[in-house]
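Here is a briefing on one structure. The sheet comes before the ligand site, and a backbone detail closes it.

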Amino acid sequence: MDLGLENKVALVAGGSSGIGLAVATELAREGAHVAIGARDPQRLQAAVANLQQLARGGRITGTSLDLTDTDAARRWVEEVAADYGALHVVLVSGSSPPIGPATRFTLADYQAAVERVLYPAINLALAALGHLRAAGWGRLLFVASETAVQPIAPLVLSGMTRAAIVRFAQGLAADLGPTGITVNVLAPGTVRTPPIERAAARLADSGSGDSAIEARLAAIGAHSALGRLARPDEIGAVAAFLASERASFVTGGVHLVDGGAGVVGPELAHLTGTAPDTFT
Ligand SMILES: NC(=O)c1ccc[n+]([C@@H]2O[C@H](COP(=O)([O-])OP(=O)(O)OC[C@H]3O[C@@H](n4cnc5c(N)ncnc54)[C@H](OP(=O)(O)O)[C@@H]3O)[C@@H](O)[C@H]2O)c1
(Lines give C-alpha, C1' and ligand atoms only; values in the text may rest on other atoms or scores of the structure.)
Protein backbone atom coordinates (compact mmCIF):
# COMPACT_ATOMS: atom_id res chain seq x y z
CA MET A 1 0.00 0.00 0.00
CA ASP A 2 1.43 3.39 -0.95
CA LEU A 3 0.84 5.62 2.05
CA GLY A 4 1.52 8.77 0.05
CA LEU A 5 3.93 10.10 2.65
CA GLU A 6 6.86 10.71 0.34
CA ASN A 7 8.14 14.30 0.69
CA LYS A 8 5.59 15.12 3.35
CA VAL A 9 7.07 17.11 6.26
CA ALA A 10 6.51 15.55 9.69
CA LEU A 11 7.21 17.00 13.11
CA VAL A 12 7.48 14.40 15.86
CA ALA A 13 7.48 15.70 19.43
CA GLY A 14 9.11 13.23 21.80
CA GLY A 15 10.74 11.57 18.80
CA SER A 16 14.04 10.45 20.33
CA SER A 17 12.74 7.34 22.12
CA GLY A 18 9.97 4.79 22.43
CA ILE A 19 6.69 5.40 20.62
CA GLY A 20 7.73 8.77 19.15
CA LEU A 21 10.91 7.29 17.71
CA ALA A 22 8.97 4.34 16.31
CA VAL A 23 6.57 6.72 14.54
CA ALA A 24 9.49 8.81 13.24
CA THR A 25 11.07 5.58 11.96
CA GLU A 26 7.96 4.54 10.03
CA LEU A 27 7.54 8.02 8.54
CA ALA A 28 11.22 8.19 7.50
CA ARG A 29 10.94 4.72 5.91
CA GLU A 30 7.96 6.02 3.92
CA GLY A 31 10.06 8.83 2.46
CA ALA A 32 8.81 11.68 4.66
CA HIS A 33 11.07 14.48 5.91
CA VAL A 34 11.12 14.15 9.69
CA ALA A 35 11.97 16.71 12.38
CA ILE A 36 12.14 15.23 15.86
CA GLY A 37 12.26 17.10 19.17
CA ALA A 38 13.15 16.04 22.72
CA ARG A 39 15.26 17.30 25.63
CA ASP A 40 18.35 15.09 25.98
CA PRO A 41 20.71 16.22 23.17
CA GLN A 42 22.76 13.01 23.14
CA ARG A 43 19.77 10.70 22.80
CA LEU A 44 18.38 13.08 20.19
CA GLN A 45 21.59 12.96 18.14
CA ALA A 46 21.67 9.17 18.30
CA ALA A 47 18.06 8.99 17.13
CA VAL A 48 18.70 11.42 14.26
CA ALA A 49 21.71 9.35 13.16
CA ASN A 50 19.62 6.14 13.21
CA LEU A 51 16.79 7.76 11.30
CA GLN A 52 19.19 9.13 8.70
CA GLN A 53 20.47 5.59 8.10
CA LEU A 54 17.04 4.21 7.30
CA ALA A 55 15.41 7.28 5.70
CA ARG A 56 14.15 6.78 2.18
CA GLY A 57 15.17 10.11 0.68
CA GLY A 58 13.72 12.44 3.33
CA ARG A 59 15.75 14.89 5.39
CA ILE A 60 16.01 14.23 9.14
CA THR A 61 16.74 16.87 11.78
CA GLY A 62 16.60 17.05 15.56
CA THR A 63 15.99 19.90 17.99
CA SER A 64 16.65 19.83 21.69
CA LEU A 65 13.76 21.46 23.54
CA ASP A 66 11.48 21.06 26.53
CA LEU A 67 7.90 20.76 25.30
CA THR A 68 6.59 22.29 28.54
CA ASP A 69 8.31 25.54 27.51
CA THR A 70 5.44 26.79 25.37
CA ASP A 71 7.45 29.57 23.68
CA ALA A 72 10.27 27.18 22.78
CA ALA A 73 7.76 24.68 21.39
CA ARG A 74 6.06 27.33 19.25
CA ARG A 75 9.47 28.52 17.99
CA TRP A 76 10.34 24.93 17.08
CA VAL A 77 7.19 24.55 14.97
CA GLU A 78 7.94 27.85 13.17
CA GLU A 79 11.57 26.88 12.55
CA VAL A 80 10.67 23.45 11.16
CA ALA A 81 8.01 24.90 8.85
CA ALA A 82 10.44 27.59 7.63
CA ASP A 83 13.36 25.18 7.26
CA TYR A 84 11.41 22.54 5.30
CA GLY A 85 9.10 25.00 3.56
CA ALA A 86 5.88 23.35 4.81
CA LEU A 87 4.37 21.19 7.54
CA HIS A 88 1.99 18.29 6.94
CA VAL A 89 2.12 15.81 9.83
CA VAL A 90 2.38 16.55 13.55
CA LEU A 91 2.66 13.77 16.10
CA VAL A 92 2.67 14.65 19.78
CA SER A 93 4.30 12.12 22.07
CA GLY A 94 6.40 12.95 25.14
CA SER A 95 6.09 12.86 28.87
CA SER A 96 4.05 10.60 31.15
CA PRO A 97 2.42 11.72 34.40
CA PRO A 98 3.20 9.95 37.70
CA ILE A 99 1.46 6.66 38.50
CA GLY A 100 -0.94 6.42 41.43
CA PRO A 101 -4.61 6.42 42.50
CA ALA A 102 -6.74 9.57 42.77
CA THR A 103 -6.42 10.10 46.53
CA ARG A 104 -2.62 9.99 46.49
CA PHE A 105 -2.24 13.30 44.70
CA THR A 106 -2.53 16.94 45.75
CA LEU A 107 -3.95 19.77 43.67
CA ALA A 108 -0.38 20.69 42.76
CA ASP A 109 0.14 17.17 41.36
CA TYR A 110 -3.00 17.47 39.21
CA GLN A 111 -1.87 20.89 38.00
CA ALA A 112 1.62 19.56 37.20
CA ALA A 113 0.17 16.67 35.19
CA VAL A 114 -1.90 19.07 33.10
CA GLU A 115 1.18 21.29 32.54
CA ARG A 116 3.27 18.28 31.57
CA VAL A 117 0.91 16.36 29.32
CA LEU A 118 -2.12 18.39 28.24
CA TYR A 119 -0.83 21.93 27.60
CA PRO A 120 2.18 20.84 25.50
CA ALA A 121 -0.21 18.88 23.24
CA ILE A 122 -2.62 21.82 22.89
CA ASN A 123 0.22 24.29 22.38
CA LEU A 124 1.90 22.28 19.61
CA ALA A 125 -1.37 21.65 17.79
CA LEU A 126 -2.38 25.31 17.87
CA ALA A 127 1.10 26.37 16.74
CA ALA A 128 0.97 23.96 13.79
CA LEU A 129 -2.55 24.75 12.57
CA GLY A 130 -1.68 27.73 10.37
CA HIS A 131 0.97 25.68 8.57
CA LEU A 132 -1.32 22.68 8.05
CA ARG A 133 -4.03 24.99 6.72
CA ALA A 134 -1.52 26.62 4.38
CA ALA A 135 -0.56 23.17 3.06
CA GLY A 136 -4.23 22.35 2.46
CA TRP A 137 -3.59 18.87 3.87
CA GLY A 138 -2.68 17.82 7.37
CA ARG A 139 -2.52 15.06 9.93
CA LEU A 140 -2.54 15.81 13.65
CA LEU A 141 -1.90 12.80 15.87
CA PHE A 142 -1.77 12.66 19.63
CA VAL A 143 -0.21 9.76 21.53
CA ALA A 144 -2.50 9.26 24.52
CA SER A 145 -3.02 5.93 26.28
CA GLU A 146 -5.55 3.16 26.82
CA THR A 147 -6.51 5.29 29.86
CA ALA A 148 -8.17 7.65 27.37
CA VAL A 149 -10.66 4.88 26.59
CA GLN A 150 -11.21 3.15 29.91
CA PRO A 151 -10.53 4.08 33.53
CA ILE A 152 -7.52 2.39 35.11
CA ALA A 153 -7.63 3.38 38.78
CA PRO A 154 -3.86 3.50 39.47
CA LEU A 155 -3.34 5.70 36.39
CA VAL A 156 -5.65 8.57 37.31
CA LEU A 157 -3.35 11.37 36.13
CA SER A 158 -2.85 9.63 32.81
CA GLY A 159 -6.61 9.11 32.44
CA MET A 160 -7.50 12.69 33.33
CA THR A 161 -5.01 14.28 30.95
CA ARG A 162 -5.63 11.81 28.10
CA ALA A 163 -9.41 12.12 28.30
CA ALA A 164 -8.90 15.88 27.95
CA ILE A 165 -6.64 15.36 24.93
CA VAL A 166 -9.37 13.24 23.32
CA ARG A 167 -12.00 15.97 23.68
CA PHE A 168 -9.56 18.62 22.44
CA ALA A 169 -8.65 16.48 19.42
CA GLN A 170 -12.30 15.80 18.64
CA GLY A 171 -13.07 19.52 18.83
CA LEU A 172 -10.26 20.20 16.39
CA ALA A 173 -11.43 17.41 14.11
CA ALA A 174 -14.91 18.93 13.95
CA ASP A 175 -13.57 22.40 13.14
CA LEU A 176 -10.94 21.28 10.66
CA GLY A 177 -12.85 18.69 8.65
CA PRO A 178 -13.55 20.95 5.67
CA THR A 179 -9.87 21.96 5.44
CA GLY A 180 -8.52 18.49 4.66
CA ILE A 181 -6.82 18.21 8.06
CA THR A 182 -7.60 15.09 10.09
CA VAL A 183 -7.08 14.74 13.83
CA ASN A 184 -6.72 11.42 15.62
CA VAL A 185 -5.69 10.02 18.98
CA LEU A 186 -3.67 6.87 19.53
CA ALA A 187 -4.47 4.93 22.68
CA PRO A 188 -1.69 2.39 23.18
CA GLY A 189 -1.76 -0.36 25.76
CA THR A 190 1.55 -1.27 27.34
CA VAL A 191 4.47 -0.92 24.94
CA ARG A 192 7.99 -2.16 25.50
CA THR A 193 9.77 1.21 25.68
CA PRO A 194 12.54 2.40 28.05
CA PRO A 195 10.15 3.57 30.83
CA ILE A 196 8.42 0.16 30.88
CA GLU A 197 11.79 -1.61 30.89
CA ARG A 198 12.92 0.59 33.80
CA ALA A 199 9.67 -0.16 35.67
CA ALA A 200 10.19 -3.91 35.17
CA ALA A 201 13.78 -3.61 36.43
CA ARG A 202 12.54 -1.80 39.56
CA LEU A 203 9.90 -4.48 40.17
CA ALA A 204 12.32 -7.36 39.68
CA ASP A 205 14.18 -8.48 42.80
CA SER A 206 17.21 -6.30 43.47
CA GLY A 207 20.34 -7.93 42.15
CA SER A 208 18.36 -10.21 39.87
CA GLY A 209 19.53 -10.44 36.29
CA ASP A 210 18.06 -9.93 32.87
CA SER A 211 15.92 -13.06 33.07
CA ALA A 212 14.03 -11.73 36.10
CA ILE A 213 13.44 -8.44 34.27
CA GLU A 214 12.24 -10.32 31.18
CA ALA A 215 9.91 -12.37 33.42
CA ARG A 216 8.48 -9.12 34.82
CA LEU A 217 8.00 -7.71 31.33
CA ALA A 218 6.27 -10.93 30.28
CA ALA A 219 4.00 -10.74 33.35
CA ILE A 220 3.07 -7.13 32.55
CA GLY A 221 2.28 -8.12 28.96
CA ALA A 222 0.38 -11.29 29.87
CA HIS A 223 -2.83 -9.45 30.65
CA SER A 224 -4.05 -8.85 27.10
CA ALA A 225 -5.72 -10.99 24.44
CA LEU A 226 -2.39 -11.35 22.62
CA GLY A 227 -0.64 -12.12 25.89
CA ARG A 228 2.38 -9.87 25.38
CA LEU A 229 3.59 -6.28 25.37
CA ALA A 230 3.39 -4.23 22.19
CA ARG A 231 6.55 -3.53 20.26
CA PRO A 232 6.99 0.21 19.55
CA ASP A 233 6.90 -0.48 15.79
CA GLU A 234 3.37 -1.89 16.19
CA ILE A 235 2.23 1.54 17.39
CA GLY A 236 4.37 3.23 14.75
CA ALA A 237 2.64 1.28 11.99
CA VAL A 238 -0.84 2.39 13.08
CA ALA A 239 0.38 5.98 13.43
CA ALA A 240 1.95 5.91 9.95
CA PHE A 241 -1.35 4.73 8.49
CA LEU A 242 -3.29 7.46 10.30
CA ALA A 243 -0.74 10.00 9.05
CA SER A 244 -1.12 8.79 5.51
CA GLU A 245 -3.17 9.75 2.48
CA ARG A 246 -4.92 6.37 2.79
CA ALA A 247 -6.50 7.39 6.12
CA SER A 248 -8.28 10.30 4.43
CA PHE A 249 -11.71 9.48 5.93
CA VAL A 250 -10.47 8.83 9.47
CA THR A 251 -10.81 11.79 11.82
CA GLY A 252 -11.92 12.46 15.38
CA GLY A 253 -11.13 8.86 16.30
CA VAL A 254 -9.53 7.31 19.36
CA HIS A 255 -7.57 4.31 18.17
CA LEU A 256 -7.03 1.67 20.82
CA VAL A 257 -3.89 -0.38 20.10
CA ASP A 258 -3.76 -2.55 23.18
CA GLY A 259 -3.40 -6.13 21.97
CA GLY A 260 -6.90 -6.77 23.28
CA ALA A 261 -6.15 -5.78 26.90
CA GLY A 262 -9.51 -4.00 26.95
CA VAL A 263 -11.51 -7.00 25.82
CA VAL A 264 -9.88 -9.30 28.37
CA GLY A 265 -11.08 -6.99 31.17
CA PRO A 266 -9.55 -6.49 34.62
CA GLU A 267 -7.80 -9.30 36.44
CA LEU A 268 -10.48 -10.92 38.58
CA ALA A 269 -8.50 -13.43 40.57
CA HIS A 270 -11.55 -14.36 42.66
CA LEU A 271 -13.32 -15.67 39.55
CA THR A 272 -10.50 -17.88 38.35
CA GLY A 273 -11.33 -21.52 38.77
CA THR A 274 -14.81 -20.95 40.19
CA ALA A 275 -17.74 -22.99 38.88
CA PRO A 276 -19.70 -21.23 36.13
CA ASP A 277 -22.84 -20.95 38.27
CA THR A 278 -21.13 -19.50 41.36
CA PHE A 279 -21.80 -15.92 40.21
CA THR A 280 -24.94 -15.07 38.33
N1 LIG B 1 5.15 2.78 26.80
C2 LIG B 1 3.88 2.53 27.10
O3 LIG B 1 3.51 1.44 27.55
C4 LIG B 1 2.85 3.62 26.89
C5 LIG B 1 1.50 3.25 26.88
C6 LIG B 1 0.53 4.21 26.68
C7 LIG B 1 0.90 5.52 26.52
N8 LIG B 1 2.22 5.87 26.55
C9 LIG B 1 2.55 7.29 26.40
O10 LIG B 1 3.32 7.46 25.24
C11 LIG B 1 4.20 8.56 25.42
C12 LIG B 1 5.62 8.12 25.09
O13 LIG B 1 5.99 7.09 25.98
P14 LIG B 1 7.24 6.15 25.70
O15 LIG B 1 6.98 4.90 26.45
O16 LIG B 1 7.52 6.12 24.26
O17 LIG B 1 8.38 6.96 26.51
P18 LIG B 1 9.91 7.24 26.15
O19 LIG B 1 10.54 6.09 25.48
O20 LIG B 1 10.50 7.75 27.42
O21 LIG B 1 9.82 8.45 25.11
C22 LIG B 1 9.43 9.72 25.51
C23 LIG B 1 9.97 10.72 24.51
O24 LIG B 1 9.48 12.02 24.82
C25 LIG B 1 10.58 12.89 25.12
N26 LIG B 1 10.14 13.81 26.17
C27 LIG B 1 9.65 13.49 27.39
N28 LIG B 1 9.37 14.61 28.07
C29 LIG B 1 9.70 15.66 27.25
C30 LIG B 1 9.65 17.07 27.38
N31 LIG B 1 9.22 17.65 28.50
N32 LIG B 1 10.08 17.83 26.36
C33 LIG B 1 10.55 17.26 25.22
N34 LIG B 1 10.60 15.93 25.02
C35 LIG B 1 10.18 15.15 26.04
C36 LIG B 1 11.70 11.97 25.54
O37 LIG B 1 13.00 12.53 25.37
P38 LIG B 1 13.72 13.38 26.55
O39 LIG B 1 13.45 12.65 27.83
O40 LIG B 1 15.14 13.43 26.14
O41 LIG B 1 13.07 14.74 26.52
C42 LIG B 1 11.49 10.83 24.54
O43 LIG B 1 11.94 11.20 23.26
C44 LIG B 1 4.02 9.03 26.87
O45 LIG B 1 3.12 10.10 26.88
C46 LIG B 1 3.42 7.81 27.53
O47 LIG B 1 2.65 8.14 28.67
C48 LIG B 1 3.20 4.95 26.72
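**Sheet and ligand site**

Seven strands form an open sheet with parallel pairing, in the order E3-E2-E1-E4-E5-E6-E7. Strand E3 (60-64) and strand E7 (253-257) are at the edges with a single partner strand each, so each has one side without a neighbour in the sheet. From one strand to the next, the twist averages 15 degrees. The model is predicted.

**Around strands E2 and E3**

- Strand E2 (residues 33-38) pairs with E3 in the parallel sense, and five bridges join them.
- One residue pair can be named here: Ala38 has Ser64, in E3, as its bridge partner.
- Helix H2 (residues 41-54) lies across both E2 and E3.
- The angle between H2 and E3 is about 175 degrees.

**Backbone atoms beside the ligand**

- Asp40 places a backbone N or O atom 2.8 Å from an oxygen atom of the ligand.
- For Leu67, a backbone N or O atom lies 2.8 Å from a nitrogen atom of the ligand.
- Gly94 has a backbone N or O atom 3.4 Å from an oxygen atom of the ligand.

**Burial and shell**

- How much of the ligand does the protein bury? Taken alone, the ligand exposes 880 Å², and the protein buries 91% of that.
- Helix H1 (18-29) and helix H6 (194-203) are the elements that give two or more residues to the shell around the ligand.
- H6 provides three residues, the largest share of that shell.
- The ligand is surrounded by 29 residues.
- The closest of them are Ser16, Ser17, Arg162, Val191 and Thr193.
- Sorted by class, the shell holds 13 polar, 11 nonpolar and five charged residues.

**A backbone detail**

- Where is Asn7 placed? Asn7 sits in the segment before strand E1 (9-13).
- Asn7 is not a glycine, yet its phi is positive, at about 65 degrees.
- Most residues other than glycine have a negative phi.

**To recap**

- The sheet is open, with E3 and E7 at its edges.
- E3 pairs with E2, and H2 lies across these two strands.
- The protein buries 91% of the area that the ligand exposes when taken alone.
- Backbone atoms of Asp40, Leu67 and Gly94 lie at the stated distances from ligand atoms.

Key: Residues are numbered from 1 along each chain as its sequence is written. This is a predicted model: local features need pLDDT of at least 70, side-chain atom pairs count only at pLDDT 80 or more; totals for chains, interfaces and linings use all residues. Side-chain values use heavy atoms; hydrogens and water are left out. A residue is near a molecule or strand if one of its heavy atoms lies within 4 Å of it. A polar contact is a pair of N or O atoms within 3.5 Å; within protein, one must be able to donate a hydrogen and the other to accept it, and residues adjacent in sequence count only if both atoms are side-chain atoms. Accessible areas come from the Shrake-Rupley method with a 1.4 Å probe; for residues, only the protein chains shown count as cover. Helices (H or I, at least four residues) and strands (E, at least two) are DSSP runs, numbered from the N terminus. Ala, Val, Leu, Ile, Met, Phe, Trp, Tyr, Cys and Pro count as nonpolar, Asp, Glu, Lys and Arg as charged, and the others, Gly among them, as polar. Two strands pair if DSSP finds at least two bridges between them. Axes are lines fitted to C-alpha atoms, for helices over the stretch in contact, and angles run from 0 to 180 degrees between N-to-C directions. Contact means heavy atoms within 4.5 Å.
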